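Visitor: Before we begin, may I ask that each term be justified as it is used?
Guide: Certainly; please have the sequence and the structure before you.

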Amino acid sequence: MIRAFMTQSKAIGRSRLLVKFLTNFAAVVFLLHLFVDPVIAQAQPATKPQVGRPTSTTRRDPPREISVTQSFEPAFAIEPLSHRIEGRANDVIPFQFKIESANRDAQVEVSIVGLRQEMNGQIFHDEKADMTELIRLVSPDKMTLQADKPSVIEGLVQMPRGESKYHSFGILVRDVGRGNDITPQFNPDGSQKTQAGIRFVTQYILRLDLVVEGIRGEQGHQLQVEDVRMTPLDGRPRLQAIVSNPTGTAFEFELRARLRSSPSDRSFKTLRLVLPVRASIQDDTRYQGRILPKSRIRMEELLPEAIAGGQYEVDLELLFENRVVDKKTLPISVVAQDFPAQEVLIAQVGEGLQVSPAQIELSQARGGSRRQTILLKNTGKDAKSITLSAIGANQLPMEAALIQPNEVQLPPNGSRKLSVTLRSQSAGSDTVQYGKLIVSSKSDTRDYNETKELPMAIVLKQPDAPVVTMTPLEWVVDGAYPGFVTTLKNSGDTHLPLQALLSIVDSNGRRMTIPSGFGRWLMPRSSSKLEFRMEGPMIPGEYQLACEILNQDKPITAKQVFTVTDLENSASKN
């Protein structure tokens, strides 16, 4: 096949080569081997890891947190990491990648590989796949790179025949590496000292994305949207869709989704879902999904608005070359408690009325805002008459708060913005005045009111930091997401918007961080639970926990050690 297509030189002139520097789909891997056990000084025989409750106790020093400063760089660099090549079937097109060693000579191996794809869209190499029929390297498969002297990886690719419009091939470039050159050192008693040896191996996965001209790619409708779900991300709702490709060809497509609570609901914006590996891209190409043959991927996007709990449907549109090739509607269940960040974003008033935000602060102190915009949204089937008022802790009207307008009529699926403004006030002896924003709603088809009270604070002068204490973190396994819980007590005279972060470090130094609070108020002279929910179980072992809660210039911090002894009890059973 290679010999046959090498003669088609005229086809090269008819084709065009589009080069695009795509960092998101390329994989740059640094393999780090650290020959150190921070706990046991002498070499120990390997043991098989066990899951479950320990049958005996072994004394080990507690895991220690260390800081690592990056002081290395890859052995070589390659540009670009991906070529996008367009041409007609059987065209033979050359390609080149520029490769340059950083600051020393390097030995690299170059090989043609297949590609496989993970759920997040990341692409890895598959050395078992044979791609040599359509792609050939012209440059050597083993190269010696001289420091600061550019070299070139070049080859030829034949545009495939058939009904498939998109194809992807991989080229693996791997540093042969250098062995560690640590000289053993010994203690006076003859025992070998513990030493650290680091070996770096750099490898790049380069990609050739082919687009065959003149092929309509009618197989696009065979892509399947298997499932949709709502998952939390930093306390906010994130819509996810699982897409599978049962065919033997790659596809480029776009997936759009729109939530609705009823057939006539048009209150939610249409979402353009994104592959996780492309989430950092800022232009419209971020919405371009690429799925390899026989692969499953996850497309997702944060909801730009809050969502109340209940049953919804998701209307999905699969687009191929800017035309809709398939439509599908799937049901989805939303549990509002899974998204704690919404507690400050949205309040539900009876059936079908949403108020945002769910807590109102007006401030004449430095850095505060004297005006707050309120959004009312009618997600129900009936028109609603809405009245708003503000009352203080003494149950009298808060004259300092001006609501404009304070009466609103909303049709089904309608929305309206209004404002709450702070009139000028003398500070006097009060630092903060607390009250409630009363939202009362009445449907045209019902003869009773539905009412919600939202916390309201008027800050007259700069408050001192609240006095807050916290209990030790406890592991709680209930609901869909297990996690750590602490109880906070505010013995001060002002509220605290809770912004908290829990850092969890395992015995191998791996760290995860979990936010909580999301600005929810901890009112003065009150207590409240603070939950750090996880998406999955914790592997048995010892963990270092560090919790920090912002409190002006006096953050609240706590550290403790937590041990998981049983995998079965570390995850939710729901």
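Guide: This is a predicted model. Its second largest pocket has a volume of about 1200 Å³. The lining of that pocket comprises 47 residues, and those closest to the centre are Gln337, Asp338, Phe339, Pro340 and Glu343.

Visitor: Which strands each supply at least two residues of the lining of the second largest pocket?

Guide: They are S13 (224-233), S21 (347-349), S30 (450-459), S35 (511-522) and S36 (526-533). S35 gives the most, with nine residues. By class, the lining divides into 25 nonpolar, 11 polar and 11 charged residues.

Visitor: Why is the aromatic pair of Phe76 and Tyr204 called tilted?

Guide: The count of aromatic pairs comes to eight. In the pair of Phe76 and Tyr204, the ring centres are 5.3 Å apart and the planes meet at 40°. Rings pair if their centres lie within 6.5 Å, and planes that are neither under 30 degrees apart nor over 60 count as tilted. The distance of 5.3 Å and the angle of 40° therefore make this a tilted pair. Phe76 belongs to strand S3 (residues 76-79) and Tyr204 to strand S12 (residues 198-213), 128 residues apart, and the pair links these distant parts of the chain.

Visitor: What makes Phe76 and Tyr204 count as buried or exposed?

Guide: The cut-off for buried is under 20% relative accessible area. Phe76 has 1% and so counts as buried, and Tyr204, at 6%, is buried as well.

Visitor: How do you know that the pair of Trp475 and Phe562 is tilted?

Guide: The centres of Trp475 and Phe562 are 6.1 Å apart, with 40° between the planes. The distance falls within 6.5 Å and the angle is neither under 30 degrees nor over 60, so the pair is tilted. Because Trp475 lies in strand S32 (residues 474-476) and Phe562 in strand S38 (residues 556-564), the pair ties together parts that are 87 residues apart in sequence. Trp475, at 18% relative accessible area, is buried; Phe562 is buried too, at 15%. Elsewhere, Tyr166, Phe251 and Phe320 form one aromatic cluster.

Visitor: Why is the charged end of Lys377 said to sit over the ring of Phe268?

Guide: The charged end of Lys377 is 5.7 Å from the centre of the Phe268 ring. The distance cut-off is 6 Å, so 5.7 Å satisfies that part of the criterion.

Visitor: What makes S28 a partner of S24 and of S26?

Guide: Two strands pair if at least two bridges are found between them. S24 (residues 371-378) and S28 (residues 415-422) have seven bridges in the antiparallel sense, and Leu375 has Lys417 as its bridge partner in S28. S26 (residues 401-404) and S28 have four bridges, also antiparallel; here Leu402 is matched with Thr421. Both pairings therefore meet the requirement of at least two bridges.

Visitor: Why are Lys294 and Arg525 called exposed?

Guide: Exposed means over 50% relative accessible area. Lys294 has 63% and therefore counts as exposed, and Arg525, with 59%, is exposed by that criterion. Lys294 lies in the loop between S17 (289-291) and S18 (295-302) and has a positive phi of about 55° although it is not a glycine. Arg525 is placed in the loop between S35 and S36, and its phi is near 55°, a positive value in a residue other than glycine.

How values were computed
Residues numbered from 1 in each chain as written. Predicted model: local features only at pLDDT ≥ 70, side-chain atom pairs only at ≥ 80, totals over all residues. Heavy atoms only, no water. 1 Å grid on protein atoms, 1.4 Å probe; cavity = no way out; pocket = protein on both sides within 12 Å on 5 of 7 lines; lining within 4 Å. Points joined across faces, edges and corners; volume = space filled by probe spheres on them. Nonpolar A, V, L, I, M, F, W, Y, C, P; charged D, E, K, R; others polar. Phe/Tyr/Trp six-rings, centres within 6.5 Å; stacked < 30°, edge-to-face > 60°. Buried < 20%, exposed > 50% of the residue type's maximum accessible area, 1.4 Å probe, protein only. Lys NZ or Arg CZ within 6 Å of the ring centre and 35° of its normal.
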